[in-house]
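Okay, thanks for squeezing me in, everyone. Let me put the thing up on the screen and then we'll walk through it together.

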Amino acid sequence: MTLRYSDVTPERLYLSRRELMVGAALAVIGLDAGREAAAAPPAGAPLKATPNAAYRVADAPTKIEAATTYNNFYEFGTNKEDPARLAGSLKPRPWHVQVDGLCAKPKTFDIEEILKLAPLEERIYALRCVEAWSMVIPWIGYPLAALLKQVEPRPGAKYVEFTTLKDPAQFPGQKPSVFGGSLDWPYTEGLRLDEALHPLTLLTVGMYGQVLPNQNGAPVRIVIPWKYGFKSAKSIVRIRLTDAEPKTAWNKAAPQEYGFYSNVNPTVDHPRWSQGTERRISEFRRRQTLMFNGYADQVASLYAGMDLTKQY
Amino acid sequence: MSRRARIALKIAVWVVALTPLARLLYGFWMDDLTVNPIEYVTRELGETALRLLLASLALTPLRILFGISWPVTLRRLLGLFAFVYVCLHFAVWIVLDHFFDWRTMGDDIVKRPWITVGVTALLLLVPLAATSTTGMIKRLGGVAWRRLHRLVYVAATLGALHYIWLAKKVLIQPWVYAAVLAVLLGIRAGEAVRKLAKRRRPALA
C-alpha cells in the first residue's frame, strides 16, 4: 500500500506551509518577519527521505492528525492535548546538540549539520506507549550510530545519556508550580552503548514526510522502537557517553514502575496494569503486545542471559 | 421554599447532571472524542461520577456552615446521578475497554489495588441507590436508613483513592478531589464533635 500524505495531512499543516511560503516571499523583499519565518522551518515543511523497505511494519500508519495531537510530552504539560496546543512556544532554530563524554572527538553539532550528516531514510516503526496504547509512525532520520561514530567513543564508554532542552520560557510544563514539579527537569534518558549503536535506533528529524513537529520533539529526537515510548527522548540538546548507567527521568519519579531498560514486554506487568495487550489508536479491540514490540528477531540477543523481570 | 422553586431547582440539577453525558454522546456523533475515545470516555464518566458524589456531599456542610438547608432536597437526585455515572463508567470498562474479557478483568480486580477499591466503591453504592426511595426510607426507619447511608463516606473515599492510585504520581488533579472530600468530611466531623460536647455538658452540670 502506498501512503499518501495528502490523505492524512490536516489543513492546519497546509496552512503553516503557506505561511512559510509567505515568509520566504517576505524574506526576498527583505522584511524582518520574513527572515524569522525562513530561519525556522515550521512543522509541516516537507522533508525528503528515501523509504527504507527493510524497516517497515506491515500495519497501516496511524493518521498524522492523531500522531500530532495525542502526545506525552510533559515539557508542555501533562495532558495529551497540551503539546499540540502549546507547541508554538518551542523554537527549534537555532539549535545545537552537544555530543561529549567518553569520546575522542567531542563536538557540538549545529542542527543543519545533523540534518546532512547521513542520508535521511524513512522507516515505518511501531510505537508502543507504556500506557498500553500504540501507533504506527513513518519516521525520518538515520541510525544514531552515524552520529556517535563522528565523536569516536572511547573503549570505556558503556552508556549513552540523552538530555532534553530545559527552558521554561519555551516549555511551559517546566515552570515551577506551587503544587510541586511534575518531573525533575531536564528530562534525561539513557541507553546501553550497544543499544544506542543498534541499527534500529533512529536519530529522528522528521515524520510523515515532513519536518518533525514541535509537539513530537523538534528539531531532533531519538526513536527506539522496541522500548516503551518514554525512552525515546525528544528535543535533544546533549548526548553524553558515559561509563555509568545514566539516571533517567521517569525512573527517578517512580522507580518501581519505570526501569532503566523498559523494553516492551507483554509478560512483565506495569504495577498498575497488564502490558499483555495494547490499544492501537483507531482500533476498537485490544491487540496482543509483542515481545520487544515485534522487533525480537533483531534485538533479543542484546539481552541474552538477563532476567527481564528484574531488569525491566 | 415554594413548590415551584423546588421543581425549577430539580430541573436545573437534571440539566447540569446530564450535560456531561450529552457532550459525550454529541462527541460520539461528531466523531470528536479524542484519538483514544475509550480512554477519554472512561475518564470523563469517572470524573463526572466523582464530581456529582462530592456535590451530593457538599449540601450538609452548607447547612452546617451557613444554615442554608434547602439544598439538602437535591441530595438524593445528585447521589443517584453519581451512581448512574459510576455504572456507565463500569459498563464502559467491561464492554468497550475489555470487551467481556472476564478473566483479565477478574485478574485486574484482584491484582490492582486501584481497581479493587473502585469496584468496592461501586458495590457500596448499590444498597444506597436501592434504598433511595421514600418507601424504603419509611420501611427502614430514619435511624437505620441514616446509618446505612453513611456508607457513602466510605464509597467517596475509595473513589478518591481509586483516582489517586490510577494516576501517575506527578499529577495533581486526583489530589484536588481528595482535598475537597477531606474538607467536606472534616466539616461533618467537626459538627459531630461539637454536638457530642453539647450533649455531654448538661449531663455534667
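So, to start: how are helix 2 of chain B and helix 4 of chain B oriented to each other, roughly parallel or roughly antiparallel? Before I get to that, bear in mind that this is a predicted model.

Here's the geometry. Helix 2 of chain B covers residues 37–57, helix 4 of chain B covers residues 75–97, and the two pack at an angle of about 160°. Their axes are 8 Å apart. Anything over 145 degrees counts as roughly antiparallel, so that's our verdict for helix 2 and helix 4 of chain B. As for handedness, the crossing of these two helices is left-handed. And if you look at what sits in that contact between helix 2 and helix 4 of chain B, you get 16 nonpolar residues, six polar and two charged.

Zooming out to the rest of chain B: we've got 10 helices and zero strands, so reading along the sequence it's just α-α-α-α-α-α-α-α-α-α. The C-alpha trace of chain B spans about 65 × 45 × 35 Å along its principal axes. Chain B has 205 residues, and 20% of them count as buried. If you take the contacts in chain B with a separation of 6 or more, 66% come from residues 24 or more positions apart.

Now chain A. Here there are 10 helices and 13 strands. Of the 312 residues in chain A, 42% are buried. For contacts between residues at least 6 apart in chain A, 71% join residues at least 24 apart.

The bit of chain A I want to show you is an open sheet of five strands, order 3-2-11-6-7, with mixed pairing. Which strands stand at the edges? That would be strand 3 (107–110) and strand 7 (188–192) of chain A; each has a single partner strand, so one side of each has no neighbour in the sheet. The twist averages 15° from one strand to the next.

Let's stay with strand 7 of chain A for a second. Strand 6, residues 159–164 of chain A, pairs with strand 7 in the antiparallel sense, over five bridges. One pair to click on: A:Thr163 has A:Thr188, in strand 7, as its bridge partner.

Last thing, where the chains meet. On the chain A side, 16 residues are in contact with 13 residues of chain B. The chain A side breaks down into nine nonpolar, four polar and three charged residues.

Okay, that's my tour. Shout if you'd like to see any of it again.

Key: Residues are numbered from 1 along each chain as its sequence is written. Chains are lettered from A and ligands numbered from 1 in the order in which they are written. This is a predicted model: local features need pLDDT of at least 70, side-chain atom pairs count only at pLDDT 80 or more; totals for chains, interfaces and linings use all residues. Helices (H or I, at least four residues) and strands (E, at least two) are DSSP runs, numbered from the N terminus. A residue is buried if 20 or more other C-beta atoms lie within 10 Å of its own, exposed if 12 or fewer, and partly exposed in between; C-beta atoms are placed from the backbone. Two residues are in contact if their C-beta atoms, placed from the backbone, lie within 7 Å. Ala, Val, Leu, Ile, Met, Phe, Trp, Tyr, Cys and Pro count as nonpolar, Asp, Glu, Lys and Arg as charged, and the others, Gly among them, as polar. Axes are lines fitted to C-alpha atoms, for helices over the stretch in contact, and angles run from 0 to 180 degrees between N-to-C directions. Angles under 35 degrees count as roughly parallel, over 145 as roughly antiparallel, 65 to 115 as roughly perpendicular and the rest as oblique. A crossing is left-handed if the near helix is turned anticlockwise from the far one by less than a right angle, and right-handed if clockwise. Two strands pair if DSSP finds at least two bridges between them.
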